[in-house]
Amino acid sequence: MRILSAFIPRTLILSLRRFQTNSISTIRASMDPTEQSLRQSLSEKSSSVETQGNAVRALKASRAAKPEIDAAIDLLNKLKLEKSAVEKQLQSTITSSGNGSLNREAFRQAVVNTLERRLFYIPSFKIYRGVAGLFDYGPPGCAVKSNVLSFWRQHFILEENMLEVDCPCVTPEVVLKASGHVDKFTDLMVKDEKTGTCYRADHLLKDYCTEKLEKDLTISAEKAAEYKDVLAVMEDYSPEELGAKIKEYGITAPDTKNPLSDPYPFNLMFQTSIGPSGLIPGYMRPETAQGIFVNFKDLYYYNGRKLPFAAAQIGQAFRNEISPRQGLLRVREFTLAEIEHFVDPENKSHPKFSDVSKLEFLMFPREEQMSGQSAKKLCLGEAVAKGTVNNETLGYFIGRVYLFLTRLGIDKERLRFRQHLANEMAHYAADCWDAEIESSYGWIECVGIADRSAYDLRAHSEKSGVALVAEEKYAEPKEVEKLVINPVKKELGLAFKGAQKNVVESLEAMNEKEAMEMKATLESKGEVEFYVCTLGKNVSIKKNMVSISKEKKKEHQRVFTPSVIEPSFGIGRIIYCLYEHCFSTRPSKAGDEQLNVFRFPPLVAPIKCTVFPLVQNQQFEEATKVISKELTSVGISHKIDITGTSIGKRYARTDELGVPFAITVDSDTSVTIRERDSKDQVRVSLKEAASVVSSVAEGKMTWQDVWASFPHHSSAAADDQE
C-alpha cells in the first residue's frame with residue numbers, strides 16, 4: 001500500500017498504484033488446477049461425511065437394527081478415510097506449489113540461525129531486547145557488505161566513469177516537499193482501538209489470506225480463489241477498499257483480538273528539526289537520490305557541461321516502518337546505492353550497448369504478465385530492438401545490473417527482470433524494470449532501473465527557482481519554432497491567491513507536448529485540469545489564465561532539461577538474497593550430521609583464506625607467520641586458526657563462514673591449499689602459497705587452473721572429522 005516503495009521509492013513512483021481492469025487480478029491470482037480440483041473434492045467429501053454422520057445419528061435415534069447401524073458406521077469411517085486422504089493430497093499440493101511456506105520457513109530458519117550464530121548480523125540493542133527493524137552487522141557481515149560495495153564501485157563508478165558524491169542524511173523539508181515525499185511517502189496503518197498498538201493494514205490482510213490458504217483446508221475452491229485474488233491486488237486497494245476487506249473478514253488486532261481503526265496514511269520519514277531553534281524542519285532522508293538532483297548544476301559544470309554523465313551515491317537511508325519484518329529485507333535504516341544517469345531526452349542511445357546486447361536472461365515483460373505467462377529468457381539486444389525495453393541506455397543498465405548480481409553470486413536461474421505494468425508507472429516515466437531475486441520470501445525487488453524522463457529536475461527547478469538544465473550549442477544558428485507560454489498572473493492571482501506562484505511556475509515548466517495539448521483543450525472546452533506538482537493536486541485552468549503560442553526565432557543553442565535513467569540498489573536486500581543463494585548443507589564424513597556451508601564467490605567472501613598449522617610447534621608457527629605476512633602484503637584477508645581441534649573440524653568451521661581457501665602448514669617448505677566447495681587439495685611451495693591464493697581470489701586464475709598446475713594432495717587424513 002506504499003505510495004513510495006519500502007525499498008526503491010523512485011522506481012515504484014510517487015503515486016498510488018492502481019490496476020484499472022479486473023483481468024489483471026484474475027491473471028495474477030489464477031489457481032493451480034490440481035489444487036482447485038482437490039478443494040472441490042474435499043468439499044464434496046466433507047459434505048458426504050456430514051450427511052452420513054447425520055444418517056448414523058438418525059438410525060441410532062430410531063433404534064434401527066444393529067447390522068444396519070454397523071453398516072452405516074462402516075461407510076462413515078470409509079468416507080472419513082477418503083476425506084483424510086484428500087486433505088493430505090491438498091496439503092502436499094499447497095506446499096509443493098509454493099503456496100505453502102513450511103519448507104521455505106525451515107530453510108530460512110536454518111540460514112538465519114547460522115547467520116546470527118556466526119555473527120553476520122544480529123538484532124541491534126540486543127541486551128535491551130532490541131528494536132524491530134534495526135540490525136547490527138558483525139565482523140563477517142561487515143566484510144561481505146564492504147566487498148559488495150567495493151565491487152559495486154568498481155563495476156559502476158570506475159568502469160563507467162561516474163561522479164561519486166556523498167550528501168547529508170539530514171535533509172531540509174523543502175527538498176522533500178519538492179520531491180513529493182512529504183505529501184505522499186506513506187503506508188496505510190490501523191490501530192488497536194483499545195491499546196493504540198499500530199499495524200500495517202495490508203500486512204494484516206495478507207497474513208489472514210495466506211493463513212487461510214495454507215492452513216484451512218475446508219475453504220471452498222471459490223473462497224480460495226477469492227483470497228488469492230485479494231493477495232494479487234491488495235497493494236492497489238484504496239484506504240476504503242482495504243478497510244472494507246478487513247471488516248468483511250473480521251480481522252482484529254493479532255495480539256489482543258481488539259477491533260481495529262479504519263486504515264489511514266502514515267508518513268514513513270523520520271522527522272527532525274535542524275538547529276537549536278527548531279525552526280528549520282527536516283527529515284532523515286528516505287533515499288539518496290535527492291542529493292544528486294539538487295547538485296545537478298554543479299555536477300554538470302564539473303563534467304565540462306557535457307551529456308551524458310552519471311552521478312552515484314552510496315549511503316544510509318531511513319524509513320520509519322510501521323511493522324518491520326522479514327529480517328534484512330524490511331528495515332528502518334539501510335544502505336542504498338543509487339545512480340542518476342543524465343541523458344539528452346532526444347538521444348538515449350548508448351555507445352557501449354553492444355557490450356551487453358548479446359546477454360540472455362529471464363525477463364518478464366508486461367505483455368507476458370498480462371497474458372498470464374511466466375518469465376522467459378530473452379536476448380537483451382532483441383528486447384531493445386523490438387521496443388520491449390524503451391531505449392539503449394535503459395537496456396545497457398539492465399545488462400550491467402545482471403552482470404553485477406550474477407558475479408556477486410546470485411543464481412541466474414532465480415533472477416528475473418520484471419517490467420512495470422502501465423498502471424504501475426507515473427505518467428512521466430518512460431519505462432521501469434525491477435531486478436527481482438527469488439528467496440524464501442518469494443520474489444524480492446532488489447534493484448529498480450527506471451527511465452524517469454525529466455520529472456525530478458523539473459520538480460526541483462520549479463520549487464527552487466534555479467534552472468536545472470543542459471545546453472547543446474549549434475554549429476550554425478537555427479531558425480526554430482519556440483514555445484511561448486504566458487501565464488496571466490492577474491487572473492491566476494484572483495483564482496489561486498497564495499498558490500499563484502506555484503501554478504505560474506508549473507505552467508512555465510510545461511514541455512511542448514503538454515502545452516499544445518492544453519492549448520487544444522482550452523480552445524475546445526475553455527477549461528482544463530492541470531496537475532501542479534508543488535501543490536500535489538490538480539487545479540482548473542481557464543482560457544483567460546494563460547496564452548500558449550509558437551514563435552519563430554533564431555537560436556544559437558538548445559536548452560533542455562535532461563532525462564534521468566536511475567538504477568537504485570537495496571544493498572541489504574541483495575546481501576540477504578546472496579546469503580540464501582550461497583547457503584547449503586552437506587553430510588559430515590561420518591554421515592551423522594549436516595554441516596553448513598556458505599559457497600560465497602571469493603569476490604565477496606568475508607575472509608578469503610584461513611591458515612592452519614597442522615600441529616602447534618615453533619617450526620610450523622614460523623611458517624604460518626611468513627604466509628600471513630605475504631597474504632597481508634597482497635591484500636588478502638585471512639585468519640589464523642591455532643586451536644587444538646582437528647583439521648577437519650577447523651575446515652568445517654571456516655566453511656560455515658564461507659571462506660573459500662584454507663592453507664594447512666604441515667612443513668616448513670611446502671603447504672596444502674584446500675578449496676571449500678570441492679574439498680580438493682593441492683600442494684604448493686611455502687613461497688608460492690600467498691600468490692596462488694591471491695590469483696584465484698582476484699579472478700586471475702580459476703581453481704581448475706590451480707588443480708591442473710600443482711600436485712594433488714590426498715584429503716582423506718585431513719578431512720577425517722569434517
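**Salt bridges, cysteines and sheets in a predicted model**

Glu159, Glu160, Lys352 and Arg400 are joined to one another in a network of salt bridges. I begin with this network, and I should say at once that the model before you is a predicted one.

Let us take one pair from the network. The side chains of Glu159 and Arg400 form a salt bridge, with 2.9 Å from N to O. This pair connects distant parts of the chain, 241 residues apart: Glu159 sits in the loop between α5 (139–158) and β3 (163–164), while Arg400 belongs to helix α15 (residues 392–408). As for their surroundings, Glu159 is partly exposed, at a relative accessible area of 35%. Arg400, in contrast, is buried, because its relative accessibility is 7% and the cut-off for buried is under 20%.

How many salt bridges does the structure hold? The count is 43. The general principle is familiar: side chains of opposite charge can pair when their charged atoms come close.

I shall show two further examples. The first is a salt bridge between Glu438 and Arg104, with an N to O distance of 3.4 Å. Here again distant parts of the chain are linked, since Glu438 lies in strand β15 (residues 431–439) and Arg104 in helix α4 (residues 102–117), with their positions 334 residues apart. Arg104 is partly exposed, with a relative accessible area of 27%.

The second example is local. Asp70 forms a salt bridge with Lys66, and their closest N and O atoms are 2.8 Å apart. Both residues lie in helix α3 (residues 66–96), 4 residues apart, which is about one turn of the helix. Is Lys66 buried or exposed? Lys66 is exposed, with a relative accessible area of 58%, whereas Asp70 is partly exposed at 30%.

I turn now to the cysteines. The structure holds 0 disulfides. Cys533, for instance, is in no disulfide, and the nearest cysteine sulfur, that of Cys432, is 18 Å away. Cys533 counts as buried, at 14% relative accessibility. Why is Cys609 without a disulfide partner? The closest cysteine sulfur, in Cys582, is 19 Å from the sulfur of Cys609, and that is too far for a bond. Cys609 is also buried, with a relative accessibility of 0%.

Next, the sheets. One open sheet has 9 strands, in the order β3-β10-β11-β21-β16-β15-β14-β12-β13, and its pairing is mixed. The edges are formed by β3 and β13 (376–379); each has a single partner strand, so one side of each is left without a neighbour in the sheet. Within this sheet order, β14 stands beside β12. Strand β12 (residues 360–364) pairs with strand β14 (residues 415–419) in the parallel sense, over 2 bridges. Met363 stands opposite Phe417 in β14.

Helices pack against these strands. Helix α5 lies across β3, β10 (309–318), β11 (333–343) and β21 (563–570), and runs at about 160 degrees to β10. Helix α20 (residues 571–582) also packs on the sheet, where it touches β11, β15, β16 (442–451) and β21; its direction makes about 140 degrees with that of β16. Two elements met earlier recur here: β15, the strand that holds Glu438, and α5, which comes before the loop with Glu159.

Another open sheet has 3 strands, ordered β6-β5-β7, and its pairing is antiparallel. Its edge strands are β6 (198–200) and β7 (264–267), each of which pairs on one side only. On average, neighbouring strands of this sheet are turned by 55 degrees against each other, direction ignored. Strand β5 (residues 186–191) pairs with β7 in the antiparallel sense over 4 bridges, and Met189 stands opposite Tyr264 in β7. Helix α8 (residues 201–215) packs on this sheet and touches β5 and β6, with its direction at about 65 degrees to that of β6.

Finally, the division of the chain. There are domain 1 (33–97), domain 2 (187–267), domain 3 (476–560) and domain 4 (607–709). How many Å separate the centres of domain 1 and domain 4? Taken over C-alpha atoms, these centres are separated by 64 Å.

To close, I return to the opening network: Glu159, Glu160, Lys352 and Arg400 are linked by salt bridges, and Arg400 counts as buried at 7% relative accessibility.

How values were computed: Residues are numbered from 1 along each chain as its sequence is written. This is a predicted model: local features need pLDDT of at least 70, side-chain atom pairs count only at pLDDT 80 or more; totals for chains, interfaces and linings use all residues. Side-chain values use heavy atoms; hydrogens and water are left out. A salt bridge is a side-chain nitrogen of Lys or Arg within 4 Å of a carboxyl oxygen of Asp or Glu. Buried means under 20% relative accessible area, exposed over 50%, partly exposed in between (1.4 Å probe, protein chains only). A disulfide is a pair of cysteine sulfur atoms within 2.5 Å. Domain bounds come from an automatic or database domain assignment. Two strands pair if DSSP finds at least two bridges between them. Contact means heavy atoms within 4.5 Å. Axes are lines fitted to C-alpha atoms, for helices over the stretch in contact, and angles run from 0 to 180 degrees between N-to-C directions.
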